[in-house]
Structures are given as structure tokens and as C-alpha cells.
Amino acid sequence: MKEKLEELYKKFESQVALMKNQAEVLNLKAEYLGKKGALTETLKSLKQATVEEKKVIGPLANDIKDKVQKQVSQKLAEIEKKEINQKLEKSKIDISFRDSMKDKGHFHGGLHPVTIIQQEIEDIFISMGFDVLDGPHIEDEFHNFEALNIPSDHPARDMQDTFWFHDDKTPDGKRHLLRTHTSSIQVRGMTSRKPPFRFIAPGKAFRCERTDASHEMVFHQLEGMMVGKDISVSNLIYFMKTLLREIFKKEVEVRLRPGFFPFVEPGFELDMKCLICGGKGCSVCKQTGWVEVLPCGMIHPNVLKAGKIDPDEYNGFAFGLGLDRLVMMKYGIEDIRHLHSGDLRFVSQFRGF
Ligand code: FA5
């Protein structure tokens with residue numbers, strides 16, 4: 001009986017090795033372990049064995065049964081893995097396609113460095129609980145100026161050279177302009193939500209300025225606002241430092257100096273050490289060693305009121321980040337005019353190409 005069992009197992013081992021698919025393995029399993037299987041029948045015949053024989057053959061038979069079951073499972077897993085690999089092999093993507101298209105003069109599009117940095121910053125703020133808002137490029141003077149505590153006779157209107165539309169007979173009686181800053185989205189954001197809230201609003205800004213190494217007529221800003229109870233300048237500094245650390249992947253040297261913007265009180269200019277010249281002085285930092293990237297401050301009570309928020313109950317901070325200058329610092333670009341020159345040799349150096 002013992003020899004018969006061992007022979008049966010040897011036969012099973014040689015057969016299982018030849019199995020090619022799962023159906024074959026399952027049939028073989030049935031041939032040995034099924035109701036009328038060879039091993040089951042042999043075990044049934046144990047009934048006639050003597051007590052002494054049962055003591056030896058019983059454990060041996062159980063051991064062989066376990067081994068058969070184990071080998072069946074192993075073989076099934078092996079076949080499944082092989083089938084998956086074959087499927088993957090068939091659906092393989094030929095990544096050399098991209099290069100072969102390049103050889104034929106075909107290029108796929110990519111993201112502009114300003115878009116790349118904008119998306120990075122959006123992700124950073126989203127992870128800190130901020131919403132992302134949008135606003136119109138063509139604004140009325142209420143949202144761009146008046147609601148921001150800049151009435152028409154305020155000298156601060158001269159701070160931003162404005163492209164006005166000659167449409168002084170508009171239905172709402174307001175003059176229109178190309179927004180000079182993304183701060184025009186502040187009141188739109190405030191009136192559409194209830195405090196506490198926090199949001200950012202990235203987009204284009206337009207100013208009728210002479211261009212130079214750090215000034216363009218069309219550039220990009222990212223507005224930010226946080227409104228709630230007992231918000232302080234330390235909250236503002238924390239968010240600004242976190243932002244710069246995440247973008248530059250290192251601690252960046254910053255300085256805070258008083259800055260005047262009618263819509264914040266107190267207002268600050270947050271400058272970062274010029275990464276183009278390392279602070280020695282160059283055309284980008286106008287030989288000062290510092291680049292102005294982040295004007296900010298505590299929201300003026302009049303602006304909160306324009307946003308239908310009670311300044312006695314709530315306060316908050318706001319900032320307006322210059323995205324193009326940030327891109328220049330991050331990638332060491334010495335002239336802002338490269339960014340929107342439309343020169344493919346320039347933009348194709350960035351990720352996505
Ligand atoms: C403003 O536009 C304010 N709205 C920012 C603000 C928001 C202050 C909220 C306080 C609270 P400023 O004019 O300084 O501020 O512009 C903000 C940033 O935009 C600048 O630091 C700079 O990085 C960028 N910027 C301004 N003008 C230009 C330009 N002509 N070309 C390129 N970037 C510019």
C-alpha cells in the first residue's frame with residue numbers, strides 16, 4: 001500500500017509538470033482528489049488495512065494528499081501569472097513612438113512654465129484647504145478699484161497704468177478696463193461665500209507699462225485671501241513662507257517691509273533674495289539683491305464691507321503673488337520678455353516637451 005501511494009504521487013508529479021492551462025490542472029486534480037479519484041480510492045481501501053498498517057499509511061496518505069493540493073495551487077498560480085504576462089506583453093505601449101514622431105518633425109504640445117508653476121501653487125494651496133477661483137479679464141472699475149478702497153479721485157489709481165475701454169455709456173453706468181491685478185476677484189470671492197473661507201485666484205493681469213527685464217504689459221498674478229476670526233500677521237507669514245519653501249524646495253531668504261496698498265492695512269512687501277545673482281545685484285533685482293514677489297497685508301475693513309462681511313466680527317489677510325517673476329527665480333531666467341516671446345527654443349526647455 002505504501003509503495004502504491006508513493007508511485008501514485010510520482011505519477012502525479014510528472015503529469016502536473018506537463019499541464020499547460022488551468023482546465024488541464026483542474027481535470028488532473030479531479031483524477032486524483034475527486035470522488036472517484038485515484039488517491040481518494042486508495043484512501044478508501046485503507047478501511048481494510050490492519051491497525052498497524054493504518055498507523056503508517058494514514059499519515060503518509062494525508063501527507064501525499066496535502067502535497068497534491070499544494071502543487072495544484074502552485075501550478076494554477078504559475079499559469080495565471082504566465083497568462084497575465086502574455087496579455088501585458090500584447091498591450092505594451094511603444095514609447096519609442098514619441099521619438100520616432102520627433103524624427104518626422106512632429107512635436108506634441110507642452111505646458112508653459114507659468115502654467116506649470118501656477119498648477120504647482122494651486123496644488124500647494126488646495127492641500128492647505130483653499131478653493132481656486134476665476135474671474136473676468138475685462139472688469140468694471142468697481143471690482144478693480146472702488147471695492148478695493150480706491151475711489152476715482154484716489155492717487156493710488158496712478159500706481160497701476162490702466163488699459164481703459166472707451167465705453168463710458170455701459171448699461172451699468174460703470175467704466176470698464178482690462179483688470180490691472182487679480183485683486184479684482186477679491187470682492188467676487190467674498191460675496192459668493194460665508195466666512196470663514198480661504199481661496200486663491202490665479203490669472204492674467206494687464207498694465208500699460210514700459211517693458212523691461214522684470215516688467216511686462218501682460219503678466220500673471222495669483223491672488224489669495226483668508227477670512228475668519230482672529231487672523232494675524234503671523235498666519236500670513238506662515239502661509240507665505242510655506243508657499244515659497246514648497247516651490248523652491250528649500251528655505252528661501254525673505255524680508256518683509258512696509259508696503260502701501262489701499263486695500264490692506266497694514267500692508268507689506270515680501271521680497272525674496274534674488275536667486276539669479278544670489279543677492280549680489282543684477283538687472284532683474286535692479287541691483288538691490290532682492291526681488292519683490294509677494295505684496296500682502298491684512299484686509300482693510302472697507303474691503304470687507306464691500307464684500308458684505310462685518311469687519312467687527314471677521315478679519316483676514318490677502319496677497320498678490322507675481323507668477324512670472326517667481327518663474328524667473330525658479331528657473332534662473334534673466335529677462336521676463338523671454339517668457340511670452342513665443343520662441344519655441346525657449347519654451348521647449350520646460351517639462352512637458
Ligand atoms: C498688486 O497688484 C496688488 N494687487 C497685490 C496685493 C494683493 C497686495 C493683495 C496686497 C494684498 P503690485 O502692483 O505690486 O501689487 O503687483 C504684485 C506683483 O505682481 C508684483 O510683486 C510683481 O511680482 C508682479 N507684477 C506687477 N507688475 C508687473 C509687471 N508689469 N510685469 C510683471 N510682473 C508684475
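User: How do the axes of H6 and H11 cross, and within what distance do they come?
Analyst: This is a predicted model, to be clear up front. In it, the axes of H6 and helix H11 (residues 323-331) cross at roughly 100° and come within 9 Å. The two helices are therefore roughly perpendicular to each other.

User: Which residues in H6 and H11 meet?
Analyst: On the H6 side you have Pro113, Val114, Ile116, Ile117, Gln118, Glu120 and Ile121. They meet Leu323, Asp324, Leu326, Val327, Lys330 and Tyr331 in H11. By class, that contact has nine nonpolar, one polar and three charged residues.

User: OK, and which strands does H6 lie across?
Analyst: Helix H6 (residues 113-127) lies across E1, E4, strand E5 (218-228) and strand E9 (315-322). Its direction is at about 170° to E4.

User: Let's do the sheet then. What's the strand order?
Analyst: Reading across, the order is E1-E4-E5-E9-E8-E7-E6. That's seven strands in an open sheet, with mixed pairing.

User: Which strands stand at the edges?
Analyst: Strand E1 (131-132) and strand E6 (254-258). Each has a single partner strand, so one side of each is left without a neighbour in the sheet.

User: Start with E1. How many bridges join it to E4, and do they run parallel or antiparallel?
Analyst: E1 and strand E4 (residues 197-206) run parallel, joined by two bridges. Within that pairing, Asp131 stands opposite Phe199 in E4.

User: And at the other edge, how do E6 and E7 pair?
Analyst: E6 and strand E7 (residues 264-273) are antiparallel, with five bridges. They form a hairpin, and five residues sit between the two strands. One of the bridge pairs puts Arg255 with Asp271 in E7.

User: Switching topic. Where are the cis peptide bonds you've got?
Analyst: One of them runs from Pro195 to Pro196, with omega near 5°. Pro196 is in the loop between helix H8 (185-191) and E4. Another joins Glu265 and Pro266, where omega is about 0°. Pro266 is in a strand, namely E7, the hairpin partner of E6.

User: Why would those be worth a look?
Analyst: Because most peptide bonds are trans.

User: What about phi, where is Lys249 and what's its value?
Analyst: Lys249 has a phi near 55°, a positive value in a residue other than glycine. Its place is in the loop between helix H9 (233-248) and E6. Lys249 counts as exposed, at 65% relative accessibility.

User: And Lys308, what's the phi there, and is that residue buried or exposed?
Analyst: Phi of Lys308 is near 60°, again positive and again not a glycine. Lys308 belongs to the loop between helix H10 (301-306) and E9. At 71% relative accessibility, Lys308 counts as exposed.

User: Now the N-terminal end. How do H1 and H4 pack?
Analyst: Helix H1 (residues 2-18) packs on helix H4 (residues 51-90) at an angle of about 5°, and the axes are 10 Å apart. That makes them roughly parallel.

User: What's in that contact?
Analyst: H1 brings Lys2, Leu5, Glu6, Tyr9, Phe12, Glu13, Val16 and Ala17. From H4, the residues they meet include Val56, Ile57, Leu60, Ala61, Ile64 and Lys75. The contact divides into twelve nonpolar, one polar and five charged residues.

User: Lys75 caught my eye. Is it buried or exposed?
Analyst: Lys75 is buried, with a relative accessible area of 11%. Leaving aside neighbours within four places in sequence, Lys75 is in contact with Val16, Ala17, Met19 and Val25.

User: Last topic: how many disulfides?
Analyst: The count comes to zero.

User: Why not Cys282 with Cys285?
Analyst: The sulfur of Cys282 has its closest cysteine sulfur in Cys285, 3.7 Å away, and that's too far for a bond. The cut-off here is a pair of sulfur atoms within 2.5 Å. Cys282 counts as buried, at 14% relative accessibility.

User: And Cys296, which cysteine has the closest sulfur?
Analyst: That would be Cys274, with its sulfur 19 Å from the one in Cys296, so too far for a bond. Cys296 is buried too, with a relative accessible area of 2%.

Terms used: Residues numbered from 1 in each chain as written. Predicted model: local features only at pLDDT ≥ 70, side-chain atom pairs only at ≥ 80, totals over all residues. Heavy atoms only, no water. Buried < 20%, exposed > 50% of the residue type's maximum accessible area, 1.4 Å probe, protein only. Axes fitted to C-alpha atoms, helices over the stretch in contact; angles between N-to-C directions. Helix = DSSP H or I, 4+ residues; strand = E, 2+ residues; numbered from the N terminus. Parallel < 35°, antiparallel > 145°, perpendicular 65-115°, else oblique. Contact = heavy atoms within 4.5 Å. Nonpolar A, V, L, I, M, F, W, Y, C, P; charged D, E, K, R; others polar. Pairing = 2+ DSSP bridges.
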